[in-house]
Protein chains: 2
Amino acid sequence: MILLEHPSLDDVEQRLREVILWRRLAIIVGFFSVDYYGRASSYLESGERLIIIKEDGSVLIHRSVGYKPINWQPSSSRIRMERKDGILILEVIRMKPREVLRIKLERVKLLYIDKLVDTGAFEMYLTEEDMKRIFIRNPGLIEPGLHIITSEKEVGSGKADIVARDSSSNIVIIELKKHKIGVNEVLQLNKYVSELRVTNKNVRGIIIGTDISSDAMELAKRLKLEYKVYSLRALSQYKRK
Amino acid sequence: MILLEHPSLDDVEQRLREVILWRRLAIIVGFFSVDYYGRASSYLESGERLIIIKEDGSVLIHRSVGYKPINWQPSSSRIRMERKDGILILEVIRMKPREVLRIKLERVKLLYIDKLVDTGAFEMYLTEEDMKRIFIRNPGLIEPGLHIITSEKEVGSGKADIVARDSSSNIVIIELKKHKIGVNEVLQLNKYVSELRVTNKNVRGIIIGTDISSDAMELAKRLKLEYKVYSLRALSQYKRK
DNA sequence: GCTTTAGTCGGGCAA
DNA sequence: TTGCCCGGCTAAAGC
């Protein structure tokens, strides 16, 4: 663990070479400008900000507000360094798509280098994937007598979340949403259903979410699609392992 | 500017109260677990990570790899603190949607508090907005004899990027994409064009991007839509201002 | 308040 | 590798 206050740029350069070589986490508070070009391009004038270099080579530049970094480069980026005209240039390069981030460090207030000991597991609950699992295990929640045929079935140009057969042997295409159903979600379901209806009239489409907008409700009726809303609370009791 | 190595949790609590009160940036390296619940829920077991508290109340928790924070809360979240069983609980609460992030700090390795002096402007170039401006100023790039009627025109349920008239007086709906055109982009254009074709057969649709997938190309032909690809390099020379 | 769309979206998964 | 879709998407603009 290394902690330097107001290090010289020579020191910073030397330490960061070790960071890159040994894959360490570096936190830099400094005064710098940033050039970026690639899919888009941008220029950030000089100011005090935070740079985070992660062990996988991803680089984040954060200002003092906001969730998102103002500039960044994702993991597996290459980092090069260069001294020039009294400043330290950090060039972070991503191939495919080729993108270049150039940080012109004028001075550094804080340099912290460490390797975090972090073996703790992360688990996320009740994602759309969880929902799907719940409905597949409990198809009666959707409709009595429903039988799951398959999930993630190819339907022409896309994938339906669940394909089932109802008690009258109709094919049922089911689209799941964790949130409120809008017009776009209905259109997405319609994309799948309408392609199947070309050859088979007895295809039903059901969209399931936590709520539905009145526009989406109307559109669903017009397209002869069905909708259902469930409560997150009601569903979560079916969640197991 | 405050910099503490291995501060006690009492110290951390006291300092963070000042951070919240005075709206400062805080960087914490420590050992902790994280609970989150709201739109989804998650649990992160104990480990060493980085916490960033920004001046606007946004909170980011970063592990040693990856572009994205593992947990977070956006700006204008409320932060509460509590000591319990020898640990420091940081509760970050967002209303609407109601979401709670609970950080159980067991120990702190580094606490850095500062107010960044950052007045530098940020400018981004060649966004989709820039593209639109270029094509509106130079409609001949799309097709000789094309005249722009309007941009951001309401077309039924959405907005077409550009509406124009060709040399044969056909209405031309133009959709711009900065990236590769996929099936969805073609469908989006079709949504607009098909609504107009109900009343007017002479409506053309052109989708413009930097590349196009073979599926999208096929779909466009089937829907009687046109496509064009441009190179970013070719376009950027038209950028001025 | 809601809806729609862009994003340097990132990240994952399957063909 | 390419293409597609999900995300606690976020963020901005329009209604």
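**Figure 1. Strand pairing around E7 of chain A.** Two strands count as paired here if DSSP finds at least two bridges between them. With that in hand, here is a close-up from what is a predicted model. Strand E7 of chain A covers residues 87-94, and E7(A) has a partner in E8(A), residues 99-114, through 7 bridges. The two run antiparallel, with A:Arg94 of E7(A) standing opposite A:Glu99 in E8(A). Strand E6 of chain A, residues 78-84, is also antiparallel to E7(A), and 7 bridges hold that pairing as well. In that pairing, A:Glu82 stands opposite A:Ile89.

**Figure 2. The two turns at the ends of E7(A).** Which residue takes a positive phi in the hairpin of E6(A) and E7(A)? That would be A:Asp85, with phi near 50°. There are 2 residues between the strands of this hairpin. The hairpin of E7(A) and E8(A) has 4 residues between its strands. In that turn A:Lys96 has a positive phi, about 50°.

**Figure 3. Burial along E7(A).** Is strand E7 of chain A mostly covered or mostly open? Mostly covered: 8 of its 8 residues are buried. One side carries A:Ile87, A:Ile89, A:Glu91 and A:Ile93, and the other carries A:Leu88, A:Leu90, A:Val92 and A:Arg94. Both faces are covered, so to speak, with charged names sitting among the buried ones: A:Glu91 on one side and A:Arg94 on the other.

**Figure 4. Chains A and B laid over each other.** A rotation of 179°, with 0.0 Å of shift along its axis, puts chain A onto chain B with an RMSD of 0.6 Å. The two copies are therefore related as by a two-fold rotation axis. The same surface does the job in both copies, as 98% of the contact residues of chain A turn up again in chain B.

**Figure 5. The protein surface around DNA strand D.** In this view 28 residues surround DNA strand D, and those that come nearest are A:His179, B:Trp72, B:Gln73, B:Lys180 and B:Asn184. Which elements supply at least two residues each to this surface? They are helix H3 (183-197) of chain A plus strand E5 (71-73) and helix H3 (183-197) of chain B. By residue class, the surface splits into 13 charged, 8 polar and 7 nonpolar. On the DNA side, sugar or phosphate makes up 75% of the strand D atoms within 4 Å of the protein, and bases make up the rest.

**Figure 6. Polar contacts with DNA strand D.** Zooming in, the chain B residues reach both bases and phosphate. A base nitrogen of DNA strand D sits 2.5 Å from a polar backbone atom of B:Trp72. B:Asn71 has a polar side-chain atom 3.4 Å from a base oxygen of the strand. For B:Asn184, the partner of its polar side-chain atom is a phosphate oxygen, 2.7 Å away.

**Figure 7. The protein surface around DNA strand C.** Here the count is 21 residues around DNA strand C, with A:Ser213, B:Lys96, B:Lys177, B:His179 and B:Tyr192 coming nearest. Of the strand C atoms that come within 4 Å of the protein, 80% are sugar and phosphate. In chain A, strand E5 (71-73) and H3 each bring at least two residues to this surface. The class split is 8 nonpolar, 8 charged and 5 polar.

**Figure 8. Polar contacts with DNA strand C.** Two chain A side chains face base oxygens in this close-up. An N or O atom in the side chain of A:Asn71 is 3.2 Å from a base oxygen, and for the side chain of A:Glu99 the corresponding distance to a base oxygen is 3.1 Å. From chain B, a polar side-chain atom of B:His179 lies 2.3 Å from a phosphate oxygen of DNA strand C.

**Figure 9. Two asparagines of chain B.** B:Asn190 sits in helix H3 of chain B. Is B:Asn190 buried or exposed? Its relative accessibility is 17%, so B:Asn190 counts as buried. Leaving out neighbours within four places in sequence, B:Asn190 touches B:Leu223 and B:Leu225. B:Asn200 is found in the loop between H3 and strand E14 (203-209) of chain B. At 30% relative accessible area, B:Asn200 is partly exposed. A polar atom of the B:Asn200 side chain lies 2.8 Å from the backbone nitrogen of B:Asn202. For a sense of span, B:Asn200 and B:Trp22 are 62 Å apart, C-alpha to C-alpha, and 178 residues apart in sequence.

Key: Residues numbered from 1 in each chain as written. Chains lettered and ligands numbered in written order. Predicted model: local features only at pLDDT ≥ 70, side-chain atom pairs only at ≥ 80, totals over all residues. Heavy atoms only, no water. Near = heavy atom within 4 Å. Polar contact = N/O pair within 3.5 Å; in protein donor to acceptor, adjacent residues only side chain to side chain. Buried < 20%, exposed > 50% of the residue type's maximum accessible area, 1.4 Å probe, protein only. Least-squares fit on C-alpha atoms with pLDDT ≥ 70 in both. Contact = heavy atoms within 4.5 Å.
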